[in-house]
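Reader: I should like to learn how strand pairing and burial are read from a model. Please take me through a case.

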Amino acid sequence: MRRKWMVAAAAAGFLAMGLPVWAHHAFAAEFDADKPLKLQGTVTKWELVNPHSWIHLDVKGPDGKVTEWMIEGGSPNSLFRLGFTKDALPPGSEIVVEGYAAKDGSPRAVGASLTFKDGKKLFLSSSAANGAAPGTDEK
Amino acid sequence: MRQHPFRTLVCAAMGCAVIFLLSAPAIGQTPGSVTKTAAAAKVSENKAWTAPHLPDGTPDLQGVWSNATNIPLEKPRQAAPARPGAYTNRQANGDLVLHYDNAQFGLDRSRNVVAEDTREYLVTTPDGHIPALVPEAQKRIAERAAFTRDHQWDGPETRPLGEQCIMWPNEGPPMLSEGYNSNLQIAQGPGYVAIMQEMIHDVRIIPTDGRPHIASDIRQWFGNSTGHWEGNTLVVDTTNFTDKVAFQRASENLHVIERITRVADDKIQYEFTVEDPHTWAEPWGAKIFWEKESTPIYEYACHEGNYGMRNNLSARRAMERKAEEAAKKEAK
Amino acid sequence: MRMSALVVTAALLAAFPASSQTPLAATKVQTANTRWTVPRTADGQPDLQGVWTNTTITPLERPAELGTKAFFTPEEAAQYEKKTVASQTGDRRDGGPEVDVGRSYNEFWRDRGTKVVGDRRTSLVVDPPDGRVPALTPEAQKRVSETAAMMRAHSTDGPEYRNLWERCLTRGLPMLPGPYNNDFQIVQAPGYVAILHEMIHDVRIIPLDGRPHVTQNIRQWMGDGRGHWEGDTLVVETTNFSEKTNFRGANANMHLIERFTRVPRGDPV
Amino acid sequence: MDNKRAGSMTALAVVLLALATLPGWAQTAYRAPRMADGHPNLNGIWQTLNTANWDLRGHAAAMGRVVALGSEDAMPPGLGVIVDGDEIPYLPAAEAKRKQNYENRLKDDPEVKCYLPGVPRATYMPYPFQIVQSTKTIMFSYEYAGGVRVINMDKPTKSPADSWMGWSNGHWEGDTLVIDVTGFNEDTWFDRVGDYHSDSLHVVERYTPRSAETLTYEATIEDPKVFSRPWKISMPLYRHVEKNAQLLEFKCVEFVEELLYGPLRKHPRNDNP
């Protein structure tokens, strides 16, 4: 029932609306297209807050110094609808972030692509697409 | 990115989806009459179905609903382009889009297709377009746009309402798809209907006891709504908007009439008519179908986690400092 | 309005808590006029309502030179009244400019009274029998002298160092006569007695329903009063004073018991 | 009677009127009007008449936090709403944290920043809230910051993540609506003097009709990271009986933007008091 997963038709609508970007604010205002980056690190905290979720990531630099990065992601509500809960990305997880650094020079970035070390995408699962929300059931 | 001159600046800040959807028509278009039109929506109708009612006899609209759709509000100005492939956040050259992966976060709007609604656009005017702006509105909008161009990065007040976490641009009334988390929940008490929208956790509590609108000097973001039942349809009349209201750049004189009817167990038909002689030459309206949503509404506490506002302003200030330093160097 | 008089006695207990303690024996109110009966409200309570004054020139403490003399004779009282009125008048110029400025107004503005109390007691203090406020404990002496030194050193530094009257905060409790506006009004409602002090428009609304005092966390300028009837006498116990109040050295732990009894006008009390 | 006394009489008349209208607290068995499903009808616009939002404990009046606001910002006195004693049973480390919150309350109280108030604070904010109850759904809509909760009256469910207003599962016990709230984040406070909790907060609320225009509200508060034992608050809720009563918008976000983002302006303002 619900919404149909109609990629082709939908994508048409997509273009018709001219929208690669849909968000709470302007990504280009906050992040710098000239500062692409790739970070590998350990998750210390996952802030499941709106309008954007933030992953806190300890990243070890070439000099061995650890910097805490904050990586911006999408609204958590949509993740809840896909069945994810706060346990989906526990502290200690090793992830790889491809994205763009903040314009003001602080250790923040938008996480354009988030993967585990083995290349598997974060938050994507086959069951995620069908709209079930297992996380909302008791236990 | 294709951009209409009016929308350029707002697009820069908000992303362009809704802006494009709701964009003003080119001047000189013949506006249609609202009453004469009814764009065919091929939503299957079960003749045997009867609308559910509450024990007190009022129609039961309760539940969590999704008004997500990516049918454009207006008839597209250009022929739709060839259908592209599945969603990707890589550009043709393999570079990332400056954005997180929408599919990853469940924000891929390609899912926002209401079953069986095959209409090309949502408005109910005969030509599929929003009526032309009156000269007064053109002037007002141009002035606002000029102000925004010069001051959009000055401080929080000149950022878009959505970025301020005050209200999402499509929350209305009238209520249109938000792009993501386009969910709302209806709860009914005796003598009133509450409509909660997930975005910014905004609630409209609409009295249906025949009371008049509140004093006209009380102006609100969501205006002031009063309702009544016509058969199985909840009719909501809204006035008392602020002059900062976002819907289609209308003025504070915006008057919205919404008609909400349950047409199946899992479907609501939502129609609206808007009028504002200070903005459009004629009233106009649209029709949208809402589908039952299986999950509850989750808290969208926007302001509390609004790092974006701080970061945007701070990025801008950093850029300005950089430009200043560069200019100084140049001068030496 | 002064058809009858109100006898008010107050007892101060330093120990705290002591709410179960019996207040010291109140002045026995003996009514000479046997035909007079206490008026009552519609619901049967003694009727204390009306506007009352406690203006008197009888001092709180018995002057040291009077020794054990508890009462004046009528002649002594008249002499005391004459002497006191003469010494209190501000309408004279015998003290030099500074004293004169301190007096500042003539008697028109003041209302200290001209009479001693009806029974010609030599002090308002009736217990202990020497008519004197008991000595401060060593702890209180230390506190009082420290406070006094601090106030002296900083007296003009800011508003917090001025006294509570000057700051228009409260004249405080117990209800003692001052130089003017010594007026009080009592209103009774079922379950409550309200006492309005004209000065600073302080109102005390005293519940009579036996409820306990408010939590110790709440400290007020006028404390927290609870009342009950003992015969025709309203007994009010007040606790929960603030650290910022000060009645002759007593502050937050002061426990005040007041007794209000209506007597016929002209009774020698 | 002279003029001076006439003035006093007027003042007293006001006092007397106030006395005459003081509600008795004694609770008698009251049977509320019913919904079609037989449960009490809690619909209405409600508000407390107390100072719990300033301090849950009994407190005398006290100076406010912003000198320029004078008596408008002063703390109104209140008898306290904590049942059985007037203390909150903090663990020692938590007591220290509360003191620190108190010292920094002007900066750190989430209310100052227009953040959602959490539960139970939403109930006793000095703003009304509306209960929208049908036989299927119960929604609480709060005027302050537009807070809202929909109470799940079906099989209890679990929060997917922490939130400001928590995750509410409800059921009826006789005439009492009992709501079990968990899933809180650690960012809300209970009042303006720094009383706080952790993300282990568990609140059980009880709404019981006590007269046509009043409900009794109780909340039992449990948080093993912060308190040595559960504790409870209780207060009446009063119905807004004005015929035209309705919630208005209190979207305070725009009122705190200068506070939160002012220094990031292109032209920072220098005239803030």
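Reader: Which residue in strand 7 of chain B does V235(B) stand opposite?

Author: The model is predicted. In it, V235(B) stands opposite R259(B) of strand 7. The two strands concerned, strand 6 and strand 7 (residues 255-264) of chain B, pair in the antiparallel sense over 6 bridges.

Reader: Which residue is the bridge partner of V235(B) in strand 5 of chain B?

Author: That partner is H228(B). Strand 5 (residues 224-230) and strand 6 of chain B are antiparallel and share 7 bridges. They form a hairpin with 2 residues between them, and G231(B) in the turn has a positive phi of about 60°.

Reader: How should the two faces of a strand be read, and which residues of strand 6 of chain B lie on the covered face?

Author: In a regular strand, side chains alternate between the two faces of the sheet. For strand 6 (residues 233-239) of chain B, the covered face holds L234(B), V236(B) and T238(B). The uncovered face holds T233(B), V235(B), D237(B) and T239(B).

Reader: Why does T125(B) count as buried?

Author: The cut-off is 20 or more other C-beta atoms within 10 Å. T125(B) counts as buried because it has 26 C-beta neighbours inside 10 Å. Its place is in the loop between strand 1 (63-66) and helix 3 (135-151) of chain B.

Reader: How many residues apart in sequence are T125(B) and L234(B), and what is their distance in space?

Author: They are 109 residues apart in sequence and 22 Å apart in space, C-alpha to C-alpha.

Terms used: Residues numbered from 1 in each chain as written. Chains lettered and ligands numbered in written order. Predicted model: local features only at pLDDT ≥ 70, side-chain atom pairs only at ≥ 80, totals over all residues. Helix = DSSP H or I, 4+ residues; strand = E, 2+ residues; numbered from the N terminus. Buried ≥ 20, exposed ≤ 12 C-beta atoms within 10 Å, placed from the backbone. Pairing = 2+ DSSP bridges.
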